[in-house]
Amino acid sequence: MATPEVTGRFDRSALVGAVKAFDWRAYVIYIAFVVVFAVFAITLHDEGFLTENNLLNIGRQTATIAVMAVAMTFVIGAAQIDLSIGATAGLASVTAAMAIAEWGIGAGILVGLGTGLLVGSVNGALVAGFAIPSFLVTLGMLGIAHGTAQWITDSAPQPILDDTYNNPFGSGDLGPVPSLVIWVVAIVVIGHIVLRKTSYGRRVLATGGNTVAARFSGVNTRLITFLTLAIMGLVAGLAGMLYAGRLHSGRFQWGEGDELSVIAAVILGGTSLFGGRATVIGSLFGALMIGLINNGLILMGLDFSQQEIIRGVIIVLAVALARRK
Amino acid sequence: MRGISKSFSSIRVLDDVDFELEEGEIHALAGGNGAGKSTLMKILVGVYTLDEGAFEVDGQRVDFHTIQDAREAGVGMVFQEFSLVPTLTVAQNVFLTRESHGRTGLIDDRDSVRRTRELFHTMEVDVDPRRPLDELPTAHWQLTEIAKALSQNARVLIMDEPTTALARTETVQLFSLMRRLQEQGISIVYISHRMGEIFEICDRITVLRDGRRVLTEELAKLTMAQVIDQIVGRKLEHAMEWKEHSVPIDAEVLLDVRELVSGTMIRGIDLKLRAGEILGLAGLMGSGRSELVRAIFGIDPVTSGEIVVRGRRVSLAGPQDAIAVGIAMIPEDRRAQGLVLDHSIRDNFLLPILGRLSHGGFVDDRKGNRLAESFVQRLTIRMRSIDNPIRLLSGGNQQKVVIAKWLGTEPQILIMDEPTAGVDIGTKGEIVNMIRAFAEAGHGVVIISSELPELLAVSDRVLILRDGRVANELDRRQISTEEELHHAVQAVS
């Protein structure tokens, strides 16, 4: 506890101390985001990286990942995992498309969200009610949802011709802003406030941080576990509907493999894989980072296999840097 | 060890400390939380390197940089948090990383089992080396730790709070083992907060306070009061002596438990707790003490019987229901059950009262901060900021946060399961005073403690449990000495 002897003089050691005390590991994702963005902005300037159109494209392509990453932040924060979200999104895209063709938009929205909620609730009930690890439950559910989506459509795409659905769910713009970006902003804001400012958010983190202590403190940890997984399903359903709106059809392949991108985004963002520490804003930047890298690598003219390698290296590197001592 | 100093980020944790250990002696190391005991021992086993000073083993100057260096010089540690792998067998744990290999180069488990059995034979204890550890009681874990150290030819054993998880009979067995080891010329450093045990087993004592050595003396020349004075550095205000209530016990029955059966451990228990009363629960490990309070707090389901709180029969589906009717429980294990160690002091404090502090699901942060600050001051919790993670606090201060957290729920009935375990003697006194103040405000307390002096200091009545039933009920006035209570618990007359 050294206090400077001469006040008013520039205290160099205090500044050095402050710099050392600054926990830069907590901000790795933001620093990395800025660095990668700057590098691409300079090196890919001629390829049109900084054009408004390209930046909005990054936003569009990242939207579904970002939306699911918000809900996944709660799931991982509660020390659970959900591997079924990609398949759930695909299933919701086809059920929504089929319901729109059969009964119209209103029914389509309800069926799409309902599909996600149903899948999530089954996951949540099995994990919370029967204490089966979420890794196993959702791994099984991945197959069930994917297979169901393929089966009920005979593997055929389900076109959505009604643009009153397509526009708000991903194809259209509101003024200059793509509707997908509006969805992302809305979900991120809600997610951030719920995590930081509500008793539900605190209980999720307590459940993930130490389930026994949370239960002993009167937290209904099983209900919390159920809710995080049910809401995850609901949001995955919404993501599936955004795929359907953007691509004017429901298809069982939509969302395939997204679970890995979403989990990577959340962990990149600084949420602890073991639960108890989570950040929604970090997850958003994690998702944007993945979108940014994908976009930049395409503009560089790399082929798909090279993209995969570089993406993998960057993710491992960022997580390693963000690791706590 | 001579003139040992050690600093962490400019805070001097050890300041010019000397420590000598003779061959075949049991040497107590005592001091409050943060006095530097653990740091000193970690230097001795090579976990930390020292800043200043030197130490010698058998007159040879040595310099430990790693745990392996210390091990080769014959220093072994029996860790407080056991360093064992629960899914492996006893023998596999003892010879972990030093497995015997057969002619084929594969691990020869049979040889490890045989050698482990020999070790246990010389220790004169009976443990099956082939059983996986997670099937065995904690006492056997400790024996495995000791066998592991001995298998490395350790001549110095460091035991840090070895009896915390042990019942009295197991402690007695551990002590006789320690004496046998002593006869074989093995020296033991014994770290404990329990004065009774130190006087029972140790030859000499060294007391550290604020990183300095304040006393090294043969225990035969000291009284317990002298040692305690040295540890706390001031006269303890006789917290551990019985005090009459300034407010008499009320007639109102706060908690009435009738013929409670729960699981296989609780087989029909009656219990009454009045306003202003402190009820002690005593019994050996496995007698059902912890299981009884778990059922009362709604953690374990009630099979049959009734729990009546202030005249109203309640059915508790979980701790949240118990909290709602005004029951709070300070659990046995603060790290595993009491706290989310990674979270801040404030978040831990607020966890049980989030519902009360929320409007439409939103937490009132300003009110929460104010409340947390006021409790931190009331209980004199030493910390830099309520935003700091709780794992940075000392054991005693962590326990105070657990207590604050539960007092924050404004309970009528406070259940405490081993509230002073692993807490230094100064904090113990503060906790005892807190319990008294809480009862005198017209509330009821149920306290479990294996430390009988503490139980005697606060309890108006003591229930002695055996095999899930109440074996005996003693009024405070019926017990005149610790020995009597001891005999009642051990069921010898």
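## A walk through a predicted two-chain model

Let's start on strand β16(B), where the side chains take turns: B:Ile327 and B:Met329 point one way, B:Ala328 and B:Ile330 point the other way, and all are buried. Keep in mind that this is a predicted model.

### The sheet around β16(B)

β16(B) pairs with β19(B) in the parallel sense, over 4 bridges. One of the residues we just met turns up again here: B:Ile330 has B:Met416 as its bridge partner in β19(B).

Step back and you'll see that these two strands belong to an open sheet of 6 strands in chain B, in the order β16-β19-β20-β13-β21-β22, with mixed pairing. Its edge strands are β16 (327-330) and β22 (469-475) of chain B, each of which pairs on one side only. On average, neighbouring strands of this sheet are turned by 20 degrees against each other, direction ignored.

Now hop over to the β22(B) edge. Strand β21 (residues 461-466) of chain B runs antiparallel to β22(B), and 6 bridges join them. B:Leu465 finds its bridge partner in β22(B), namely B:Val470.

What lies across β13, β19 and β20 of chain B? That's helix α16 (residues 425-440) of chain B, which runs at about 150 degrees to β20(B).

### Strands β3, β9 and β10 of chain B

Another set of paired strands is worth a look. Strand β3 (residues 26-30) of chain B runs parallel to strand β9 (residues 204-209) of chain B, with 4 bridges between them. On its other pairing, β9(B) runs antiparallel to strand β10 (residues 212-218) of chain B, and 6 bridges join those two.

B:Arg204 is a handy landmark here. B:His27 stands opposite B:Arg204 in β9(B), while B:Glu218 is the bridge partner of B:Arg204 in β10(B). The hairpin of β9(B) and β10(B) has 2 residues between the strands, and B:Asp210 takes a positive phi near 50 degrees there.

Here are the strand pairs so far, side by side.

| Strand pair | Sense | Bridges |
|---|---|---|
| β16(B) and β19(B) | parallel | 4 bridges |
| β21(B) and β22(B) | antiparallel | 6 bridges |
| β3(B) and β9(B) | parallel | 4 bridges |
| β9(B) and β10(B) | antiparallel | 6 bridges |

### A loop residue

For something other than a strand, find B:Ala251, in the loop between α8 (224-232) and β11 (253-262) of chain B. Is B:Ala251 buried or exposed? B:Ala251 counts as exposed, because it has just 8 C-beta neighbours inside 10 Å. Its C-alpha atom is separated by 9.8 Å from that of B:Leu273, which is 22 residues apart from it along the chain.

### The two chains as wholes

Chain B has 18 helices and 22 strands. Its radius of gyration is 24 Å, close to the 23 Å that the globule rule gives for 493 residues, so chain B is as compact as a globular protein of that length. The C-alpha atoms of chain B fill a box of roughly 70 × 50 × 50 Å along the principal axes, and 44% of the 493 residues count as buried.

In chain A, there are 14 helices and 4 strands. With a radius of gyration of 21 Å, close to the 20 Å that the globule rule gives for 325 residues, chain A is also as compact as a globular protein of its length. Its C-alpha atoms fill a box of roughly 80 × 60 × 35 Å along the principal axes. Buried residues make up 50% of the 325 residues in chain A.

What about contacts with a separation of 6 or more? Residues 24 or more positions apart account for 68% of them in chain B and for 79% in chain A.

### Where the chains meet, and what's inside

How many residues of chain B are in contact with chain A? The count is 24, and they touch 20 residues of chain A. On the chain B side, α10 (319-324), α11 (334-338), α13 (354-357) and β18 (362-363) each supply at least two residues. By class, that side has 14 nonpolar, 8 polar and 2 charged residues.

The largest nonpolar core has 170 residues, and those touching the most other members are A:Val67, A:Met68, A:Ala69, A:Val235 and B:Ile415. Helix α11 (residues 221-247) of chain A gives the most to this core, with 16 residues. Leaving aside neighbours within four places in sequence, A:Val67 is in contact with several residues, including A:Trp183, A:Ile187, A:Val235 and A:Leu242. Apart from this core lies another, of 56 residues, with B:Val17, B:Ile146, B:Ala149 and B:Ile158 among them.

Technical notes. Residues are numbered from 1 along each chain as its sequence is written. Chains are lettered from A and ligands numbered from 1 in the order in which they are written. Two strands pair if DSSP finds at least two bridges between them. Two residues are in contact if their C-beta atoms, placed from the backbone, lie within 7 Å. Ala, Val, Leu, Ile, Met, Phe, Trp, Tyr, Cys and Pro count as nonpolar, Asp, Glu, Lys and Arg as charged, and the others, Gly among them, as polar. A nonpolar core is a set of buried Ala, Val, Leu, Ile, Met, Phe, Trp, Tyr and Cys residues joined through C-beta atoms within 7 Å. A residue is buried if 20 or more other C-beta atoms lie within 10 Å of its own, exposed if 12 or fewer, and partly exposed in between; C-beta atoms are placed from the backbone. The radius of gyration is taken over C-alpha atoms; the globule rule is 2.2 Å times the number of residues to the power 0.38. Axes are lines fitted to C-alpha atoms, for helices over the stretch in contact, and angles run from 0 to 180 degrees between N-to-C directions.
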